[in-house]
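I sat down with this one to jot notes as I looked things up. Here is my notebook, entry by entry.

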Amino acid sequence: MLRLSKESDFTHKKFGFDADSIKQSLSNCLIYSVGKDTITATDRDRFFAAAHLVRDRLIDRWMETMRSYYINDTKRVYYFSLEFLMGRTLMNSVHNLGFDQQFREAFNELGIDLDDVREIEPDAALGNGGLGRLAACFLDSMATLNLPGYGYGIRYEYGMFAQRIEDGRQIEHPDSWLRYGNPWEFPRPEVLYQVKFHGRVVQYANEHGVARYHWIDTDDVMAMAFDTPIPGYDTHTVNNMRLWSAKATRDFELRYFNEGNYVKAVEDKNASENLSKVLYPDDTTAMGRELRLKQQYFFVCASLHDILHRYNKYQNNFDALPDKVAIQLNDTHPAIAIAELMRVLVDSHHQEWEKAWEITTRTFAYTNHTLMPEALETWPVALFENVLPRHLQIIYEINRRFLKDVMHRYPGDTGILRRMSIIDETGGKRIRMAHLAIIGSHKVNGVAQIHTELMKQTIFADFDRFYPGKIVNMTNGITPRRWLNQANPRLAELVSSRIGFGWVKDLSQLKRLIPLAEDISFCKEFAAVKRANKQRFADLLKQKLDIDVNVDSLFDVQIKRIHEYKRQLLNVLHVVTLYNRIRHNPDVECVPRTVIFGGKAAPGYVKAKLIIKLVNDIADIVNHDPHVAGRLTVVFVPNYDVSTAEQIIPAADLSEQISTAGTEASGTGNMKLALNGALTIGTADGANVEIRSEVGAENIFIFGLAAAEVAKVKATGYQPLDFYHANAELRAVLDMIGSGFFSPDEPDRFKPIIDALLHHGDDYLLLADYASYIACQKEVELAYQDREQWVRKTILNVANMGEFSSDRTITQYADQIWDAKPVVPVE
């Protein structure tokens with residue numbers, strides 16, 4: 001039993017928060033932590049010194065928080081996610097600790113440009129898109145709300161990749177974000193867990209004749225912990241994110257060294273440690289698929305053992321595990337944790353199956369992030385049998401017992417047995433990880449109202465009927481600390497000057513801005529802030545990409561990972577339509593527009609990478625056409641990440657959220673852009689529906705088929721060629737792209753894109769939505785011409801975004817799923 005004194009050994013007196021104390025700390029950290037003096041120090045040295053001085057001020061609160069959790073023996077929430085897209089930490093921590101003014105004052109007095117220092121920090125390459133950014137927002141909110149929350153994931157050495165655009169094509173380079181070290185993390189070499197792969201399972205009977213199982217002859221890897229403190233805003237709570245790094249076992253290395261086979265020792269050590277090298281290894285090869293599965297098991301195995309180690313310090317059995325531990329599975333990537341906990345309880349601790357299953361299902365909850373059947377994760381049974389043989393046996397047993405219950409509920413209905421089975425028998429046996437997650441969790445949630453309803457009506461309709469009330473909605477949210485207070489300081493300052501600072505912790509207070517939408521003075525100040533942000537981003541584009549943009553043009557922004565269902569290609573069709581209108585009528589009056597794209601395509605996703613090339617080829621033609629100058633500009637911003645988003649989002653006028661209705665679970669980019677004063681053009685998909693409800697239908701631009709209409713069109717036989725022949729503008733656009741107008745050096749370059757639209761089904765109904773989208777974009781132009789009304793609409797968007805705070809989302813999780821209570825740290 002761990003014993004803790006309530007008397008704190010730590011005190012904030014050690015580190016002051018005034019400018020003089022910060023200057024002294026910076027000098028001390030530069031000398032004693034970085035090993036430099038002011039004469040030889042570089043900006044990188046000054047960044048590391050600044051990081052250490054902030055970290056020093058976090059540690060006291062971090063220790064106090066952890067002590068409070070132990071003293072209170074509180075229920076803790078563990079968020080399992082393969083991604084945590086944290087962004088930069090320095091200024092986020094400074095803002096959350098509440099000494100940003102003193103921090104800036106200290107740097108100014110020392111004659112150091114803080115902006116130069118902060119730009120040194122790389123984005124932590126621990127995620128790719130919305131899934132990872134959501135996880136980061138949730139960690140921020142849990143800490144701000146004083147909830148005992150922990151993040152568990154993988155410490156990727158290279159992340160996904162750094163994107164460079166060369167000759168208009170995406171080229172992937174290693175993202176060496178750890179090249180110079182990470183001042184925010186604390187290595188924990190003593191926190192080390194063994195993770196097993198491969199091998200075989202031996203069954204035997206114990207002295208009572210009960211079947212027991214041993215998993216033997218395995219290939220083993222060690223998981224070593226790295227901890228990062230996560231500070232809440234305006235609170236002493238600092239939670240923990242624990243990431244795992246793969247290390248070769250000592251025995252593994254010594255065996256080959258002792259045989260004198262140095263090369264083999266090094267090769268196998270590197271192979272073992274590849275588990276934590278990159279995020280989402282290419283799964284187009286058998287080796288890549290195996291590595292992905294191993295990654296998933298690696299982090300959940302280590303995390304579960306760590307959780308149980310912490311739990312067992314206070315408890316003598318596992319009966320109270322669901323009362324002390326809540327584990328949230330962020331998508332299906334960590335779903336193998338259900339089988340792993342069963343293995344630990346049944347095989348290692350000899351719990352009866354029924355008891356172990358009750359404990360397991362009461363401990364786990366699962367968040368679904370997709371409605372597309374093809375995107376639901378499945379694994380070949382043969383691969384599972386090779387990599388995780390005991391877990392396959394456990395999954396089969398879970399499935400056998402579950403299907404028995406289903407059969408009793410629906411006797412004679414073989415169809416429902418086939419649909420609900422964890423094992424998909426069609427086209428080679430595969431394990432449906434979403435089914436395992438649903439069956440093994442006490443709650444399952446969607447991430448937007450429409451998404452949750454479609455889950456119940458479509459892909460998981462059988463499960464909703466079998467488990468009434470298990471599927472619930474938790475609409476996603478974003479943290480206002482990063483996405484307004486930090487990313488858009490000009491707007492944050494303006495808002496605070498009128499309604500105070502309370503909105504930073506209670507975003508619903510933004511509703512107090514609603515009357516100000518009619519205040520001429522405030523509207524002018526608001527418009528000035530937006531223009532200043534646009535100028536700042538325009539300067540950045542000139543500096544980084546040597547592209548000139550018209551600051552008074554409409555900044556039309558689509559920033560998200562490149563995927564067909566997100567329909568960057570529909571945006572491209574509109575760009576070419578605008579280009580043709582100007583080209584054919586140079587005197588036509590139109591609203592100047594700068595169309596900004598950003599996002600990465602998965603390395604093996606050929607179609608998405610070709611779309612990036614198309615965007616850049618169109619930009620090359622459009623941006624150099626003298627007939628168009630100043631009226632239409634196309635920009636692809638490379639290597640889109642959190643820091644890039646913080647530059648683009650405050651400058652955006654129009655937010656493109658144009659996925660095919662029924663495909664986007666929620667989206668959070670729509671929330672970030674609206675919170676920063678961009679109007680949304682989008683389909684009735686994901687959180688767009690709820691944003692429309694909050695901001696008013698007159699302050700958002702919705703177009704296209706609704707989800708039910710999409711389903712009907714597909715069911716009745718969608719014919720994209722009918723739309724091609726019926727719409728002359730659309731036909732001209734597609735013919736230009738397909739014939740090589742934008743790729744004269746290779747006329748057939750984009751023919752596969754056009755063939756997919758016209759002759760291979762147009763899976764995401766771009767042509768069906770084209771006319772509605774073009775008409776809606778015309779409404780956008782007309783609205784933008786009335787600048788006073790446009791500004792009014794943007795203010796009302798900002799004012800009505802309180803519902804989309806991740807604080808609201810986390811409060812709902814805590815109340816409705818986790819049964820977790822706030823704990824105020826001992827000071």
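These are my notes on a few sheets, one helix and one loop residue, and I should say up front that the model is predicted.

**Entry 1: the nine-stranded sheet**

I started with the sheet that has 9 strands. I read its order as β5-β8-β9-β2-β1-β10-β11-β15-β16, and I noted that the sheet is open and its pairing is mixed. Which strands stand at the edges? I found β5 (186-197) and β16 (471-473) there, and each has a single partner strand, so one side of each has no neighbour in the sheet. I also looked up the twist: on average, neighbouring strands here are turned by 25° against each other, direction ignored.

Then I looked at the β16 end. Strand β15 (residues 443-446) pairs with β16 in the parallel sense, over 3 bridges. I picked out one of these pairings: Gly 446 has Asn 473 in β16 as its bridge partner. Next I checked what packs on this sheet, and I wrote down helix α2 (residues 43-72), which touches β1 (76-80), β2 (149-154), β5, β8 (219-231) and β9 (238-248). The direction of α2 makes about 95° with that of β9.

**Entry 2: a small sheet**

I moved on to a sheet of 3 strands, which is open, antiparallel and ordered β12-β14-β13. β12 (378-380) and β13 (423-424) are at its edges with a single partner strand each, so one side of each is left without a neighbour in the sheet. I counted 3 bridges between β12 and strand β14 (residues 430-432), which run antiparallel. Pro 380 sits opposite Arg 430 in β14.

**Entry 3: strand β18 and its partners**

Is strand β18 (residues 593-598) mostly covered or mostly open? Mostly covered: I got 6 buried residues out of 6. I reminded myself that in a regular strand the side chains alternate between the two faces of the sheet. In β18, Arg 593, Val 595 and Phe 597 point one way, while Thr 594, Ile 596 and Gly 598 point the other way, and all are buried.

I then looked up its partners. Strand β17 (residues 554-559) runs parallel to β18, joined by 6 bridges, and Gln 558 has Phe 597 as its bridge partner. Between β17 and β18 the chain passes through helix α22 (residues 568-584), and I noted this β-α-β crossover as right-handed. Strand β19 (residues 632-637) is also parallel to β18, with 6 bridges, and Gly 598 is opposite Val 637. With helix α23 (residues 606-622) in between, β18 and β19 make a right-handed β-α-β unit.

**Entry 4: the two sides of α4**

In helix α4 (residues 100-109) I found Phe 103, Ala 106 and Phe 107 buried. Why do I put them on the same side of α4? Because they cover an arc of only 95° around the axis. Gln 101 and Asn 108 are exposed on the other side. The cover over the buried residues includes α1 (19-34), α2, α3 (90-97) and α5. After α4 comes Gly 111, with a positive phi near 75°.

**Entry 5: Asp 123**

Last, I went to the loop between α5 (114-118) and α6 (130-144), where Asp 123 is found. Buried or exposed? Asp 123 is buried, with a relative accessible area of 12%. I checked its contacts beyond four places in sequence and listed Gly 87, Arg 88, Trp 177, Asp 641, Val 642 and Ser 643. For Val 642, I noted that the side chain of Asp 123 reaches the backbone nitrogen at 3.2 Å.

Definitions and conventions:
Residues are numbered from 1 along each chain as its sequence is written. This is a predicted model: local features need pLDDT of at least 70, side-chain atom pairs count only at pLDDT 80 or more; totals for chains, interfaces and linings use all residues. Side-chain values use heavy atoms; hydrogens and water are left out. Two strands pair if DSSP finds at least two bridges between them. Helices (H or I, at least four residues) and strands (E, at least two) are DSSP runs, numbered from the N terminus. Axes are lines fitted to C-alpha atoms, for helices over the stretch in contact, and angles run from 0 to 180 degrees between N-to-C directions. Contact means heavy atoms within 4.5 Å. Buried means under 20% relative accessible area, exposed over 50%, partly exposed in between (1.4 Å probe, protein chains only). A polar contact is a pair of N or O atoms within 3.5 Å; within protein, one must be able to donate a hydrogen and the other to accept it, and residues adjacent in sequence count only if both atoms are side-chain atoms. The arc is that of the directions from the helix axis to the C-beta atoms. A crossover is right-handed if, with the strands pointing away from the viewer, the path from the first strand over the helix to the second runs clockwise.
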